[in-house]
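The following account leads the reader through one protein structure, moving from its overall make-up to selected elements. Please keep the sequence and the model in view while reading.

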Amino acid sequence: MASRFPYYLQLSRKTGQYTLQHSQNGQQGDRYGTSASSTTGSTETSSMEPMSLPSQNSAIQHSSSPKLGSSPKTGSSHSPRHSHNSRSRPSPACQRYNSQDSLDELQMDDYWKEVENISFSGGGGERGEGEVQEEELQKIPEEGEQEEAWLAEAGLARLVDHSITVDHDQEEDSAVFLSTLTRTQAAAVERRVASVQQTLRRRNRQQLPDVRDIFRHPDKQDGEPQKSEEGSENGQKGAPSTETETELNVDVAFSEQALSYRDNHQSFKVTRSLNSPDDKLPNFKLLPDKTGQTRIGDLSPLDMKKVHRLVLVEMTALFDTSGIDLKPAKALKVKTKESGLFGVPLTTLLDQDQRRVPGTKVPLILQKIISHIEEEGLHTEGLLRIPGVATRVKFLCQDLESSFYDGTFSWQQMKQHDAASLLKLFIRELPHPLLTVEYLNAFIAVNNLPTKKQQLQALNLLVLLLPEANRDTLKALVEFFQRVIKNQAKNKMTLNNVSVVMAPNIFMFKGFRSKVTEQQEFSMATSTANIVRLLIRYQNLLWTIPKFIMNQVRHQNMESQRKQKERAVRKLLKKIAIERPSEKTIPEETSQGIIRVHAPQFSKISMALQLTEDLQACDVLTRFLSQDSSLAVKTDDLCLYEIGGNIKERCLDGETYMKDLYQVNPTAEWVIRAMQR
């Protein structure tokens with residue numbers, strides 16, 4: 001059967017590499033060759049600078065990039081444009097990159113078919129008639145600008161710019177933040193401060209202190225990294241010896257674990273097979289934690305701000321440990337639609353949805369398309385892979401724009417493949433990529449990390465860094481993809497099938513194909529498919545906050561409270577006050593192993609409970625409901641909150657052991673409330 005493309009990928013069984021073969025079908029080749037560089041009918045433009053891709057000598061290039069314009073037999077060039085790649089390179093001695101180990105040739109063929117479908121449906125990236133979005137020319141970043149932006153996002157801009165006016169509390173907050181960093185996190189901050197200072201000195205803008213004076217390592221020689229005092233609650237400085245390959249240790253900072261891995265494996269590379277069975281990814285699981293798992297949405301906004309700062313530093317430190325220099329892209333100012341369904345920014349779409357349905361976190365149109373597909377049945381063969389009829393999809397899109405909100409749209413007319421095409425169109429039409437302009441390169445760079453475990457850890461941090469609207473929408477999508485995969489016996493859509501089909505829709509945002517070369521596009525194929533694969537496979541783990549981050553948040557809150565009390569004492573002493581401010585004492589009940597749980601929203605005001613080794617948060621909720629049968633609520637609708645002490649507010653996981661958590665936060669109050677989600 002003739003190939004539908006001018007080139008097709010062939011996997012060499014000898015080298016384990018993909019090579020690019022030329023199709024003998026000239027007509028089909030011309031058809032796709034045209035769409036690879038330009039498309040028709042597109043109304044899309046970019047909101048992002050040209051993408052910074054992994055270097056040419058990276059493992060991605062060795063293992064996944066096809067040799068453009070070359071033949072494995074003759075090595076002859078098919079195109080002058082790619083003549084510099086005509087020589088076929090031998091396989092590297094070791095394969096450090098293992099992210100495409102289950103993505104075979106046939107499945108990657110589906111990837112390029114999806115790219116072709118996107119191009120022919122008007123998603124190739126050219127500007128069409130009546131285009132609303134208007135691209136602004138980008139200013140080339142000045143030296144040190146990216147580091148300055150990073151420090152500003154981390155709340156540490158004043159380390160390099162003392163002209164910034166901050167109050168005493170903000171200055172104290174930065175000091176507390178720095179005091180809780182691990183050695184790898186502190187090193188990441190130090191590198192960026194040093195880079196900015198070097199730039200400023202060259203500009204002769206101001207005399208700045210040496211970066212080593214900021215971090216003050218009195219017992220260390222100059223340049224030696226700071227030792228972590230955090231590690232874990234057990235004082236561990238690296239991954240514990242009891243950790244197995246499939247267990248995720250969240251007590252110790254990921255970057256500290258990566259540093260330990262690098263030090264232990266620096267003399268050799270780990271070889272991975274590229275031909276493992278389909279979907280055989282490690283079955284990662286979190287190590288048991290008696291203080292409970294913390295998910296996104298469990299914390300107060302104030303604590304989530306602390307989480308964001310810590311996660312940004314930790315994510316950067318993790319990539320630094322592997323020598324990966326992240327070059328975040330700069331979002332450009334664009335004019336976008338202010339209303340509608342498709343091509344509208346997520347925040348704008350959610351604003352108009354929340355006026356109709358308060359509390360909406362995922363766009364209503366996306367929710368409805370997903371529910372319609374599920375109501376019709378997830379057993380349809382080729383779901384998500386087989387495209388809908390282009391003219392019908394275009395008509396449905398226009399019809400939805402005019403009649404979705406007034407409830408007159410006829411969902412019965414929508415076929416399964418058309419609905420799936422609309423879902424993919426919705427993602428592609430977003431003015432800014434779902435994974436955001438700022439972090440899209442970081443998501444792709446995850447493939448350069450040496451192990452699947454580190455890749456998963458990096459994705460966990462990146463998911464936490466996404467804006468709330470993007471994070472919630474992405475969660476709804478990957479959960480839907482998981483439900484599709486559960487029906488693979490009938491719909492023939494495995495994890496890898498769904499991943500390769502959805503990858504171009506998620507990563508080929510508006511104007512993407514006009515911003516990268518063909519070689520970059522080919523090299524990204526398996527790497528982006530792998531990222532989608534990991535997001536789907538491990539979504540239950542990725543939307544959690546690691547315990548070491550929670551420990552750092554608690555440490556910051558404790559330090560801030562201590563400094564506030566010290567200021568209060570000094571203020572009173574100045575007024576010659578006799579009584580010192582009373583510290584919050586542990587209630588007598590608690591000192592005797594009893595906690596009091598409050599429920600101000602309900603008729604029963606409080607309840608005393610004896611702390612035992614086996615008492616869990618779910619047991620507290622069950623006992624509360626059993627004592628007041630008049631309450632028309634279910635256990636799943638309630639949450640036991642940990643409030644105060646060294647945390648602002650936290651909704652407890654049902655499997656949290658209360659006695660263990662009490663030992664971590666003895667001055668907290670325990671309150672039962674309706675779930676705030």
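How many residues does α13 have, and how far does α13 reach from its first C-alpha to its last? In this predicted model, α13 has 14 residues and reaches 20 Å between those atoms, close to the 20 Å expected at 1.5 Å a residue. The helix is mostly covered, with 14 of its 14 residues buried.

The setting of this helix may be described next. The protein has 677 residues, of which 53% are buried, and its secondary structure comes to 24 helices and 11 strands. Among contacts with a separation of 6 or more, 77% join residues that lie 24 or more positions apart. The accessible surface amounts to about 31800 Å², and carbon and sulfur atoms account for 49% of that surface.

One partner of α13 is helix α12, residues 390-403. The 14 residues of α12 should span 20 Å at 1.5 Å a residue, and the end C-alpha atoms are indeed 20 Å apart, so the expected and modelled spans agree. Within α12, the residues Val393, Leu396, Cys397, Leu400 and Ser403 are buried. Viewed down the helix axis, the buried residues of α12 fall within an arc of 155 degrees and therefore line one face of the helix. Thr391, Lys394 and Ser402, on the other side of α12, are exposed. The buried residues of α12 pack against α11 (364-376) and α13 (416-429).

A further contact of α13 involves helix α18, residues 495-507. Two packed helices are described by the angle between their axes and by the distance between those axes. For α13 and α18, the angle is about 35 degrees and the axes are 7 Å apart. On the α13 side, the contact is made by Leu423, Lys424, Ile427 and Arg428, while α18 contributes Val501, Met502, Asn505 and Ile506. By character, the residues of this contact divide into 5 nonpolar, 1 polar and 2 charged.

The final site is a loop. Asparagine 665 is found between α24 (658-664) and β11 (669-674). Is asparagine 665 buried or exposed? Its relative accessibility is 1%, and buried means under 20%, so asparagine 665 counts as buried. When residues up to four places away in sequence are not counted, asparagine 665 touches Arg554, Glu642, Gly644, Gly645, Asn646, Ile647 and Trp670.

Key: Residues numbered from 1 in each chain as written. Predicted model: local features only at pLDDT ≥ 70, side-chain atom pairs only at ≥ 80, totals over all residues. Heavy atoms only, no water. Helix = DSSP H or I, 4+ residues; strand = E, 2+ residues; numbered from the N terminus. Buried < 20%, exposed > 50% of the residue type's maximum accessible area, 1.4 Å probe, protein only. Contact = heavy atoms within 4.5 Å. Areas by Shrake-Rupley, 256 points an atom, 1.4 Å probe, with all protein chains shown as cover. Expected span 1.5 Å × (residues − 1). Arc of directions from axis to C-beta. Axes fitted to C-alpha atoms, helices over the stretch in contact; angles between N-to-C directions. Nonpolar A, V, L, I, M, F, W, Y, C, P; charged D, E, K, R; others polar.
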